[in-house]
Amino acid sequence: ERLAAEIETRSEMALLMRRSLDHGGFSLQLQPIVELADNVPVGAEALLRWTLPDGRCINPAEFIPIAERTGVILAIDEWVITQALDVLRTWQAHPATAQFHLAVNISGRHISDGSLPHLLATKCQNAGVDPRFLGIEVTETYLMADAERARVVLEQLRELGVGIAIDDFGTGYSSMSSLHELPADTIKIDQLFVAGLTRSATDRTIVELVLRLADSLGMKVIAEGVDSDDKLAHLRLLGCQMAQGFHLAAPMSVDDCTEWLCQRAITPIAG
Ligand code: C2E
Ligand code: MG
Ligand code: MG
């Protein structure tokens, strides 16, 4: 009986999500990503926010898993892509913002269903956006669950010019042997390891290993969850290419982020 009740809430939530998609209940926040060597901003990651009809705002961690289980995630991903391309079109229309990249999080379901390359190609073309400035982030767990299928889809995306990042790296069970088969250009090292960087020798070793692994595969690394100056300094010392986190900037509205990026692009000051 409990299970039935849970399923009912789940489908209610799915219905609510579908309605929200049509009625402006979702929005995107952007969090800046910065090059560590020179503090120059490279762009941002789009993070989804859901405001319920009663005004409560809930986090993706709470609704993405339900969206995935109910299939609503496909419509959500599509909405996110449309919004992100809107931002990119505006950015690419002005010289001051034309160099910025924008990454969106894509559910593994969208990778395994195979429709993403065509969807992105069409949407980029319709929006008049250069796909080389669009990036997708897929969590490691998904990619490795069906690495062969993922490889085929990611290869098509790469042909399009879309950037590919492996998100939450280190939390899954990826074997190093299959990582090199994935046509990804960026590894996002999970905030779990970044959090322990300055106090745990194990975490420090993991971060160092990921950096070396990425380097040998010709990939770049973005450290997530950089929330203090000493972590930033440490990552810079280790040669990590990019960082993202509260210490640099929290996720913010599209307009605020655009302004942040423009200001930092002109006068990059130490994070
Ligand atoms: P993620 O892609 O790994 O995103 C990073 C998360 O870390 C974000 O949480 C961000 O707000 C948070 N964060 C950023 N800087 C810091 C920091 O310095 N310290 C700490 N502790 N956290 C920081 P958020 O926005 O709640 O998103 C959670 C997850 O939900 C994301 O993890 C992503 O997997 C998923 N998600 C977010 N937006 C979307 C979306 O549009 N579509 C899909 N499919 N998933 C999304
Ligand atoms: Mg992400
Ligand atoms: Mg992550």
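Reader: Why is Asp 167 called buried?

Author: Asp 167 has a relative accessibility of 4%, and buried means under 20% relative accessible area (exposed is over 50%, partly exposed in between, with a 1.4 Å probe and protein chains only), so Asp 167 counts as buried. This is a predicted model, in which local features need pLDDT of at least 70 and side-chain atom pairs count only at pLDDT 80 or more, whereas totals for chains, interfaces and linings use all residues. Residues are numbered from 1 along each chain as its sequence is written, chains are lettered from A and ligands numbered from 1 in the order written, and side-chain values use heavy atoms, with hydrogens and water left out.

Reader: What makes Asp 167, Asp 168 and Glu 224 donors of the magnesium ion (ligand 3)?

Author: Their oxygens, OD of Asp 167, OD of Asp 168 and two OE of Glu 224, coordinate the ion at 1.9 to 2.6 Å, and a donor is an N, O or S atom within 2.8 Å of the metal (3.2 Å for Na, K and Ca), although sites may look incomplete since water is not among the atoms. Asp 167 also coordinates the magnesium ion (ligand 2), 4.5 Å from ligand 3. Asp 167 and Glu 224 link distant parts of the chain, 57 residues apart, with Asp 167 in strand β6 (residues 163-169) and Glu 224 in the loop between β8 (220-223) and α11 (229-238); these helices (H or I, at least four residues) and strands (E, at least two) are DSSP runs numbered from the N terminus. Glu 224, at 8% relative accessibility, counts as buried as well.

Reader: How do you know which residues Phe 63 touches?

Author: Contact means heavy atoms within 4.5 Å, and, not counting residues up to four places away in sequence, Phe 63 touches Met 13, Met 17, Phe 26, Leu 48, Trp 50 and Ile 58. Phe 63 lies in helix α2 (residues 60-70) and is buried, with a relative accessible area of 0%.

Reader: What makes Phe 26 and Trp 50 an aromatic pair, and is it stacked or edge-to-face?

Author: Rings of Phe, Tyr and Trp (its six-membered ring) pair if their centres lie within 6.5 Å, with planes under 30 degrees apart called stacked, over 60 edge-to-face and the rest tilted. By this rule there are five aromatic pairs. Phe 26 and Trp 50 stand 5.4 Å centre to centre with 20° between the planes, and are stacked. They link strand β1 (residues 26-35), which holds Phe 26, with strand β2 (residues 41-51), which holds Trp 50, 24 residues apart. Trp 91 and Phe 100, at 5.7 Å and 75°, are edge-to-face.
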